[in-house]
Amino acid sequence: MDTQNPLTPNQPTTFSRPRNYRKYFFLLLSHWYWFVIAFILTVTGIWLYYRYSHPVYAVSSTMLIHEQQNQNPLTTQKDPESNVFQGFGLFQGKQNTENQIQILKSWTQVRTTLEHFNFEATYYKIGRFRTIELYKDVPFHIELDRSHPQLLDANFDLHFLPNNRVEMTIQGKKAVRYDYRNEKELQPEKEIEETRTFPIDSFVASDDYAFRIIPAADSKLEGNYRVVFHSLDELTADYLNRLTVAPISKEGTIVKLSTTCENPQKGIDFLNEMMQVYQTHNLDKKNIIATKTIFFITSQLANVSDSLSASQKIRERFQSRNNLLDVSYQSQQLLDQLVKLEDQKSLLETQHQYYQYLETYLSRNDNLQSLVAPTTVGIDDPLLVNLLQELSQLNIEKTTLSATVKDPDHPRMRQLNIQMETTKRTLLENSRNIMHQSEITLNDLTKRIDNLQQRTRNLPSVERNYVNIERRYQLNNDTYTFLLQKLSEAQIAKASNMPDNEIIDPARMEGNTPISPNNMTIYLVALLFGIFLPAGGIILKNEFDNKVRTPEDLENLTKYPILGHIIHDDQAAISHTALLDHPNSPVGETYRALRMKLKFMLNGTEQPVIAVTSTGSDEGKTFTAMNLAASFALLGQKAVLLDLDLRNSKMAEMHNYDKNRGVSNYLLGEMRLEDITFRSTHPYMWLIPSGSFPPNPGELLADKKLKELIELLKEEYDVIVIDSSPLLVADLFQYSHLCNAYLYVSRQGVTPQPAIKSALQEISNQHIRNVGILLNDIRINNQPLGDRYNYSYMYGYGYKTQKPKNRPAAYWRKVNSKKQAQTT
């Protein structure tokens, strides 16, 4: 029974990878150069961004929208509280703040505002690094020929020359011609690039444009400028997109209007003008009813004035001709009764005319803003007033909705139309009923007047005629006086109208700095890109990296002992026998340490057989096997390197041996042992390559002749090092019973951890003992600083890189004799 070695585990590998946060610090510190690169790129990016970005400013203003509208001057304290003007939302009544916000944000409102400016041409000053928008400080202005098409979405770059001329360069990828007169684009789009020179203050024209550059007074034109033309619809869409209207608080009716722009003064003028347009529109709406009322009363006064003048002249001539100064009491009484009845009849006829006017208006016109108020003719019917109020409210809601919804089939729009039609039909039915009742009342008044007139016929002819003349005169006079009173009230109402909103704060720039670029945002992004992004990338790469990077990775994967760590050496990779060519190099020292640990593992075994394997190719298995054999040869022990990697051997190619002479040829009985054994540069080291590629390497390695070969080698050599196949294939397990120790080679940054896990698990399943792990090709700069695996001591031997040299056999015999003497 074999003696248990303290370096050999009793249990199979337990695979786990505990998280070590301390290593993250060293990991990031070891990749400091990525942070330097990120810092340089971030600083450069910030400089370029600030250099070429356009600053954007925020401009805002506040406006108070009164919930209670102004009192109607046409009503008095005797008039009922509810009147038709409230229904129109023009005088006393409540406003919907949300509706007013939507009106302020409507396309029509913004477009009407822009019509007061000349924003179709935008001016820029072209600087060395940045293009700045100009507004009022432009040294020239463009006079467009609106009867000619004009290019949109194209840059007109102007370079003013010393000889009072200008060089113009036009560039546009998708330029389109625009007809300002008909306000439509002329398709198709086109790409344009054109340069021309012309005198200042002269019309320049082509098929695509026509305008004139007019210099400002006392200004010298020099430098480079850019002009971009826009359509009014394009400007409206742009300003509408940047406009924000929102209440300051839920409880109040003060709204805040804000916008963003590159030139703050341009934004200030736009908001101030928009509030002024909104107030003017509100006042014009309120003046419509007063204007219509004045027009209606004035037309009625003209007719009544003519009748009054005629009746007055008739009365004067009658009194003069008949020397009539007074009439009897009976005649006066009949006259008063007739005048009273005639007044009532006249008022009823006027109201009857209004109902006819209302019926005609509702049947032919949808513009309720022009409807004359019923109080103008003395109508105070509550039902009529309520219906008009309801119809007016529906019309206001429809008008507000039309400012934001263009689809006539919108569900709410259809519902409003249905409600308005229903209310109109109710109004028409109510008007017809009232007209029918008024006709009955007029007939009754007519009969009563006829009765009184019959009574006046019994009076003397002079008195009877005077009564009739006086009655007509009094009737015209009362009607004229009533209309004059209503005309004065309407004129007072129009003159005293005030907007239902108030500008609280005129437009001004918010703060003293632009809102874009935002310094805090830029700094946070810079911090993200300069620190967190590289740190996160390094940590994520490390977390998702399944390759072996550190000795700790191997310790977390297995309990098999780690026998050594081979440092990366460019010269060693070239020579393949670093230990022979550079005995005092760090690589040489690590192989000496490996040899010592293997001796402890072998525990005094004579003629040991050591198998060197790995997970796959390119992990340094053959390099390790060569230098391990060389380490024993340096002790004066005869060592032979047996290449059993029959599938993919590189030993013969490294040493320029015959590829057709090796182990496979011996196992096939084609050659003897002395035919396949080659001497190395060291007198105590021999090599046996794999030989010709066999068709069945697995079966060949399971042949009993391999055991005979091992026995023959033991008789002649002190140490046998086997360069076996990787564990991707099962060749090693064919002859594992012939080996005394196994060296599993993994390579930093190459060997996947899952592959090591699978390979070591298979080794454990095969009950293979005396297994040691070797981490190959360690790059010191990639190790965490402060790691307990410190290789700095290896550089204390005064090792200097030099070209590999082939030492003669006498040299190695002298070296070995000295070492044996020292050992003795």
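How many residues does helix α17 have, and what distance does it reach from its first C-alpha to its last? Helix α17 has 13 residues and reaches 18 Å, close to the 18 Å expected at 1.5 Å a residue. That expected span is 1.5 Å times one less than the number of residues in the helix. Helices here are DSSP runs of H or I with at least four residues, strands are runs of E with at least two, and both are numbered from the N terminus.

Before going on, a word on what you're looking at. This is a predicted model, where local features need pLDDT of at least 70 and side-chain atom pairs count only at pLDDT 80 or more, while totals for chains, interfaces and linings use all residues. Residues are numbered from 1 along each chain as its sequence is written, and side-chain values use heavy atoms, with hydrogens and water left out.

Back to α17: 13 of its 13 residues are buried. Buried means under 20% relative accessible area, exposed means over 50%, and partly exposed is in between, using a 1.4 Å probe and protein chains only. One of the residues in this helix, Lys621, makes a salt bridge with Asp645 through their side chains, at 3.5 Å from N to O. A salt bridge here is a side-chain nitrogen of Lys or Arg within 4 Å of a carboxyl oxygen of Asp or Glu. Lys621 lies in α17 (residues 621-633) and Asp645 in the loop between β17 and α18 (651-655), so the pair ties together parts that are 24 residues apart in sequence. Lys621 is buried at 6% relative accessibility, and Asp645 is buried at 6% too.

Strand β17 also belongs to an open sheet of eight strands, in the order β15-β22-β21-β16-β20-β17-β19-β18, with mixed pairing. β15 (562-567) and β18 (678-679) are at the edges with a single partner strand each, so one side of each has no neighbour in the sheet. Two strands pair if DSSP finds at least two bridges between them. In general, strands of a sheet pair through backbone hydrogen bonds, either parallel or antiparallel. Look at β17 (residues 639-643) and β19 (residues 685-688): they run parallel and are joined by four bridges. Leu641 stands opposite Leu687 in β19. Elsewhere on the sheet, helix α23 (residues 753-765) lies across β21 (741-747) and β22 (771-778), running at about 170° to β21. Angles like this run from 0 to 180 degrees between N-to-C directions, with axes being lines fitted to C-alpha atoms, for helices over the stretch in contact.

Now for more salt bridges: the whole structure has 21 of them. The side chains of Lys190 and Asp208 form one, at 2.9 Å from N to O. Lys190 lies in strand β8 (residues 184-199) and Asp208 in the loop between β9 (203-205) and β10 (210-215), so this pair ties together parts 18 residues apart in sequence. Lys190 is partly exposed at 33%, whereas Asp208 is buried at 9%.

Strand β8 also holds Glu189, which is partly exposed at 47%. Leaving out residues up to four places away in sequence, Glu189 touches Lys174, Ala175 and Val176, where contact means heavy atoms within 4.5 Å.

Last stop: a network of salt bridges links Arg111, Glu115, Glu183 and Asp233. Within this network, the side chains of Arg111 and Glu115 meet at 3.9 Å, N to O. Arg111 is buried at 13% relative accessibility, but Glu115 is partly exposed at 48%.
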